[in-house]
Amino acid sequence: MRNNPMALGIANGVAAGALWGVVFLAPAVLHSFNALQLSAGRYLVYGLIAVILLLPRWKRLAPKLGRAEWMGLLWLSLAGNLVYFLLLATAVQWAGGAAASLIVGLIPVVVTLVGVREKGAVPLKQLLPALGLCVLGVALVGWESLMSEHLGTPWRQRLIGLLCAFGALFSWALYSVGNSRWLARRADLSSHDWSLLTGVTTGGLSLLLVPMAFIGQTADHTPAQWSLFWVISAGVAVIASIIGNAFWNRASRLLPLTLTGQMIVFETLFALLYAFAWQWRWPTLLEALAIVFLVAGVLLCAHAHRAPRAIAEHAG
């Protein structure tokens, strides 16, 4: 695998998806806390841990960072963390974890459509079957969410939740494209350091949420609930933000943008598995079909990125 950058990149993408999948479960577990509190808690811890991990290397890193880098980190932190997670947490609580995770599964389509404009990218016509399967899978689960009864919420609220999921989709797609370009532009910065720098910026921005999220809100929950809140916030910060982002940044450096986008499907798949386990249920027929379509889309996309020689040798 070390001699195969694509295989290594895919492995890193799968690992990132498995760790990021817990993000969809946290709002369901902490359903009594609103999206603003969930975002503030997670990113305060993320920022604190990032600061601690960066301190030993700060003197070496600081001269490499100028105004352009900090402005880039600022908008990446907003698009990929704060805005994205606020919308996602609302979508999970109002539309359900399965629906939210599958709609965000459209990210591969959006990112791939941007990636085909990159120099040397696989032509769009070769990727259309994979993109079509992704769209079909998301369409099925969106319909299932609006028509299902198991969510126990009014259909108007479910609809708003679905709209928030689409907002999260485009917010994270912007982050994915922008982050890949920054990693390519600053090859002298390790993917792990870039992830930690994003964490520091996100932590600073999350301080702006503290007054609205926590001041005057402590009486609404018991001490035990607050303890669980901070434990899960810390767990998500470490698992998804610190470790998951490091895997993702490495995948972004090893894979072309058109294939990087497809790796986000694994976040969707793991999020679905976690959501079904949490709800103690099997997927419905439409959800199962959606999973099949999404996996098939990734396989088709990976095949389209194989070198023509490798395809010919496999066929022979």
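**Salt bridges, helix packing and long-range contacts**

Let me begin with Asp188, which forms a salt bridge with Arg186, the closest N and O atoms being 2.7 Å apart. Please keep in mind throughout that what we have on the screen is a predicted model. Of the two partners, Asp188 is partly exposed, with a relative accessible area of 41%, whereas Arg186 is buried, at 14%.

Arg186 has a further partner, since its side chain also meets that of Glu69 in a salt bridge, with an N to O distance of 2.7 Å. Glu69 belongs to helix α5, while Arg186 sits in the loop between α9 (155-185) and α10 (191-206), so this pair ties together parts that are 117 residues apart in sequence. Glu69 is buried as well, with a relative accessible area of 11%, and it falls on that side of the boundary because buried is taken to mean under 20%.

As general background, side chains of opposite charge can pair when their charged atoms come close. How many salt bridges does the count come to? With the cut-off of 4 Å between a side-chain nitrogen of Lys or Arg and a carboxyl oxygen of Asp or Glu, the count comes to five. Apart from the pairs I have just described, Arg57, Arg60 and Asp193 are linked in a network of salt bridges, and Arg281 forms a salt bridge with Glu287, where the closest N and O atoms are 3.0 Å apart. Glu287 is buried, with a relative accessible area of 3%.

Let me stay for a moment with the neighbour of Arg281 in the sequence, namely Trp280, which lies in the loop between α14 (265-279) and α15 (285-304). Trp280 has a positive phi of about 55 degrees although it is not a glycine, and for context, most residues other than glycine have a negative phi. Is Trp280 buried or exposed? Its relative accessible area is 80%, so Trp280 counts as exposed, the threshold for that class being over 50%.

I would now like to return to helix α5, which covers residues 67-95 and which also contains Leu78. Leu78 is partly exposed, with a relative accessible area of 36%, and together with Met71, Leu74 and Val83 it makes a nonpolar surface patch of about 290 Å².

As for the packing of this helix, α3 (residues 35-54) and α5 pack at an angle of about 140 degrees, with their axes 9 Å apart. That makes α3 oblique to α5, because an angle has to be over 145 degrees to count as roughly antiparallel. The crossing in which α3 passes α5 is right-handed.

Finally, I turn to two pairs of residues that are separated along the chain, and I give C-alpha distances for both. Gly17, in helix α1 (residues 5-20), is buried, with a relative accessible area of 2%. The C-alpha atom of Gly17 is separated by 7.4 Å from that of Val265, although the two residues are 248 residues apart along the chain.

The other pair involves Val23, whose place is in helix α2 (residues 22-29). At 2% relative accessibility, Val23 counts as buried, and between Val23 and Gly235 there are 9.9 Å in space, C-alpha to C-alpha, against a separation of 212 residues in sequence.

Terms used. Residues numbered from 1 in each chain as written. Predicted model: local features only at pLDDT ≥ 70, side-chain atom pairs only at ≥ 80, totals over all residues. Heavy atoms only, no water. Patch = residues over 30% accessible without salt bridge, like charges linked within 9 Å, V, L, I, M, F, W, Y side chains within 5 Å. Areas by Shrake-Rupley, 256 points an atom, 1.4 Å probe, with all protein chains shown as cover. Helix = DSSP H or I, 4+ residues; strand = E, 2+ residues; numbered from the N terminus. Buried < 20%, exposed > 50% of the residue type's maximum accessible area, 1.4 Å probe, protein only. Axes fitted to C-alpha atoms, helices over the stretch in contact; angles between N-to-C directions. Parallel < 35°, antiparallel > 145°, perpendicular 65-115°, else oblique. Left-handed = near helix turned anticlockwise from the far one by under 90°.
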